[in-house]
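Please read the following note with the structure open beside the text. The points follow the strands in order and pause at one charged residue.

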Amino acid sequence: MKKLAGVFACIAGTMVAMPTHAEETRKSVEVFAGPVIGYDAVRLDDTVIAVDDDGVMYGFVGGVDYQFNNSFFGGIEAEYADSDTGDSVTDVLVAGDKFSLLADRQIYVGARIGMRLDDNSKVYLKGGYVSSKIKATYDDGIDPVSDSVDVSGFLLGAGVDFRVTGNFMLRGEYRYSEFNNINVAGYNTGIDATRHQVVGGVLYGF
């Protein structure tokens with residue numbers, strides 16, 4: 001009887017332990033990092049005028065993903081980037097004035113969630129906080145002012161990661177960001193900036 005009770009106790013203990021072990025093997029953590037480069041389009045809007053310009057952005061991204069189960073994952077990531085994109089609008093506050101903007105460094109911190117399509121590819125949505133440093137100049141023809149200002153907003157995006165070999169992955173991504181009411185040297189220009197980026201990257205996961 002005691003032996004039988006011992007066998008049942010052993011089986012029960014194994015049944016309790018098995019789901020925990022299975023759960024642990026399903027969960028995994030992957031850290032990734034690598035360079036990104038892509039197309040960068042900036043649009044400036046005030047109440048009357050809208051102007052577009054485009055250029056190239058380049059930077060470095062890193063993050064960590066957590067696999068919830070065999071299909072779904074979530075994670076956090078951060079990116080530092082720069083750009084050669086600039087733009088300008090006229091007749092902002094008075095007739096004949098000019099507001100110019102040159103995009104500088106961009107810092108993004110956010111989260112992403114998605115699903116694994118197979119062992120080598122996964123798709124995701126992302127969103128978070130973005131801060132850009134821009135060189136802004138306002139010239140009314142009398143007293144021009146120039147300033148490097150920090151503007152903050154939000155970024156939303158979607159993309160795909162595809163593992164090509166070993167630990168290396170290719171990334172393709174679209175993202176949209178928005179900044180409202182840009183101020184230059186204490187002047188509220190009333191101008192909003194939106195940004196569209198199509199980005200590719202080579203990431204190393206470990």
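**Note on the strand pairings and arginine 116**

1. Strand E3 (residues 72-83) pairs with strand E5 (residues 98-116) in the antiparallel sense, over ten bridges. Two strands are said to pair if DSSP finds at least two bridges between them, and helices (H or I, at least four residues) and strands (E, at least two) are DSSP runs, numbered from the N terminus. Within this pairing, phenylalanine 73 has glycine 114 of E5 as its bridge partner.

2. The basis of the note should be stated early. This is a predicted model, in which local features need pLDDT of at least 70 and side-chain atom pairs count only at pLDDT 80 or more, whereas totals for chains, interfaces and linings use all residues. Residues are numbered from 1 along each chain as its sequence is written, and side-chain values use heavy atoms, with hydrogens and water left out.

3. E5 also pairs with strand E6 (residues 121-139), again in the antiparallel sense, over 17 bridges. A hairpin of four residues links E5 to E6. Valine 123 in E6 stands opposite methionine 115.

4. Arginine 116 belongs to strand E5. What is the nearest side chain of opposite charge to arginine 116? It is glutamate 30, 4.6 Å away, and arginine 116 is buried yet has no salt bridge. Buried means under 20% relative accessible area, exposed over 50%, and partly exposed in between (1.4 Å probe, protein chains only). Lys and Arg count as positive and Asp and Glu as negative, while His and the chain ends are not counted. A salt bridge requires a side-chain nitrogen of Lys or Arg within 4 Å of a carboxyl oxygen of Asp or Glu.

5. Among the residues that arginine 116 touches are Asn70, Phe73 and Lys122, not counting residues up to four places away in sequence; contact means heavy atoms within 4.5 Å. Asparagine 70 lies in the loop between strand E2 (50-67) and E3. Asparagine 70 counts as exposed because its relative accessibility is 59%. The C-alpha atoms of asparagine 70 and arginine 116 are 7.6 Å apart, although 46 residues separate the two along the chain.

6. The pairing continues from E6 to strand E7 (residues 145-165), antiparallel over 18 bridges. Leucine 125 has alanine 158 in E7 as its bridge partner. Five residues lie between E6 and E7 in their hairpin, where glycine 141 in the turn has a positive phi of about 85°.
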